[in-house]
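User: Hi! Could you walk me through a structure I just loaded?
Analyst: Happy to, let's put it up here.
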Amino acid sequence: MTMVSEVQVEAEVEELNPDVPLLQAMLQLIKRQPLGAAGLAVVILMILMAVFANFLSPYDPEANSLEHMLVEPSWIFPMGTDQFGRDVLTRIIYGARTALYVGFTAATVGSFLGLLLGVASAYFGGRFDLIMQRVMDVFMAFPLIIIALAVVATLGTGTTNVIIAITIPFVPQCARVVRSSALAIREIPYVDAARSLGFGHSRIILRHMMPNVMAPFLIMFTSFLGQAILLEASLSYLGMGVQEPTPAWGLMLQGGAEEYAESAPWVAIWPGVAISLAVFGFNLFGDALRDVLDPKLRSR
Amino acid sequence: MYKYMAKRLLLMIPTLFGAAVLIFLLLRLIPGDVCELRLAGTGNYVDQEAIDICRENLGMNDAKIVQFFDFIYGFVTFNFGESMWTGKAITYEIGLRFQLSLQVAIMATFVAVIIAIPLGAISALKQNTWVDYVVRTFSIAGIAMPSFWLGILIILGLLIYSQAWFGEAWMPPIEYVSPLEDLGQNMLQLIWPAVATGYRYSAVATRMTRSALLEVLREDYIRTARAKGLMEKLVINRHALKNSMLPVVTIIGIEFAFLMGGLVVTEQVFNLNGLGKLFVESVLNSDYTMTQALVMLVVAIFVLTNFVIDLFYAWLDPRIRYS
């Protein structure tokens, strides 16, 4: 057990070293984790796209235009227009907002709840742990998309409900992983020391145990980001997610994509490229993070 | 061993029971029931009496707890009753689609294994070379690409290339034909969804193969094998690969279990009448009995697959003994 904590400390020191200038740190990252750096670049690009959407595109993402239905890609509409005459590129740029909003909210809430439950489950142990584990088992036995669909059917469609539907299956996944790390940490004497000093349960959980399971937590968090974007796209594609006219990538593939696949392939291709690139970026970045944080894989 | 098996089988009961409670409650929370949807769904005026009669017939006026125990009793006695929406026996409706979903799941798993094990092995053997990077990028791309988009691209590709090469656009057949009747026709239809999902599912297995093999390659017995002058091919095939298959088998097994119910999106793209599509329809129709039966089926398959994987472990790795 001591070995695990030692390596983690080492990783943190490396991460937090303040003397390295930003540019040099970035070059180091590119050299050591080329795929991770590429992923990070995609993520940053996507965030910039979402933030500056208004400046990047001269068109309204939601306004229909009868004169410009299914126009081929050209200088005016670089990715063509869809069956309602809306510029595809504009909708992709604004779609980044929806994707990031859903992705970050679902991943943050889901992984934090999972962290809390996982650490508490490991800390209290006994009957509480046993019951928690059985509840997690139930949730984990459902395919992700089935839980999400059932929740959306219950709450109704729309962005907020989609976020809730995606968050729910994340909680047990994260809790399971965090619990197994927290079980190891619970055995380290400082937890006993904290308890003998008379600290309360919540203080030990929040201040002493949680910071030490950050590595698995961060890994889960980044993997959730990609998963959430993909899940939102799937739900929207099925017509049970984000609703028109909100620009969302999965939704763009729902309406016209199959119908016009032959006559206007750009409607079907570009939103998929956007989804794939975004998830790809988050996954590459997450992988690199795992390499840095996971002591077991580090030496490779 | 038998004691362990009995214990594991008993532990399935709380999971299945929890799933039953969860889906029962979720369904009852969905606004609008099957009678309202069936009678008033078309927008016509329906008097309350007709809806009441319909509810009475379907037993929806019974207390919730009675309904719940009916459902559990039906599940335990394998008597699932009729679909609230179509009125046909649930076993019949599921039976119609089960074969298709099972076949796609098996084919997709097959595709995933064919892709994952060789690629994962190459990636591990050529660690940190360009080959490794290409394979890793390829497999991460598999996770990143939504399977429905890959499906659209495949259909689009088939259309365009068949147009260019044969002069007429070709699409996979839409009618499902049993493989026992006409294997060729059946394959023409199902190979594409199997490839689209198989590629996606291969990604996780590829990475698992890579990391498991990397771990095994550091073991002492590999060094011993090399030291005694064994051919590299034998070292890899007989010693390293075989011993690294344990986690890979787990991943493949779990994914197979999920595939049975998780094909929802793929079935939508390829217009396949499988379990996933049936699930979406029955949720939208508030078809309580059908949704409950489907969920219990998917969960039961998942739990049983996990059990089988554990037993498979002991067979694969003689050091593992359950007691």
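Analyst: Below we go through one helix, the chain contact and a helix pair in this predicted model.

User: Cool. How many residues does helix 7 of chain B have, and how far does it reach?
Analyst: Helix 7 of chain B covers residues 147–166, which is 20 residues, and reaches 27 Å from first to last C-alpha, close to the expected 28 Å. Just after this helix, Gly167(B) has a positive phi of about 85 degrees.

User: Which of its residues are buried?
Analyst: The buried residues of helix 7 of chain B are Ser147(B), Phe148(B), Trp149(B), Leu150(B), Gly151(B), Ile152(B) and Ile155(B). They pack against helix 11, helix 12 and helix 13 of chain A, together with helix 8 and helix 11 of chain B.

User: And how many residues of each chain are in contact?
Analyst: In chain B, 40 residues contact 37 residues of chain A. The largest share of the chain B side, eight residues, comes from helix 1 of chain B. By class, that side has 32 nonpolar, seven polar and one charged residues.

User: Switching topic: at what angle do helix 9 and helix 10 of chain A pack?
Analyst: Those two helices of chain A pack at about 140 degrees, with axes 11 Å apart. Helix 9 of chain A and helix 10 of chain A are therefore oblique to each other, since only angles over 145 count as roughly antiparallel.

User: Nice. Which residues make the contact?
Analyst: Tyr190(A), Val191(A), Ala194(A) and Arg195(A) come from helix 9 of chain A, and Ile204(A), His208(A) and Met209(A) from helix 10 of chain A. By class, this contact has five nonpolar, one polar and one charged residues.

Technical notes
Residues numbered from 1 in each chain as written. Chains lettered and ligands numbered in written order. Predicted model: local features only at pLDDT ≥ 70, side-chain atom pairs only at ≥ 80, totals over all residues. Helix = DSSP H or I, 4+ residues; strand = E, 2+ residues; numbered from the N terminus. Expected span 1.5 Å × (residues − 1). Buried ≥ 20, exposed ≤ 12 C-beta atoms within 10 Å, placed from the backbone. Contact = placed C-beta atoms within 7 Å. Nonpolar A, V, L, I, M, F, W, Y, C, P; charged D, E, K, R; others polar. Axes fitted to C-alpha atoms, helices over the stretch in contact; angles between N-to-C directions. Parallel < 35°, antiparallel > 145°, perpendicular 65-115°, else oblique.
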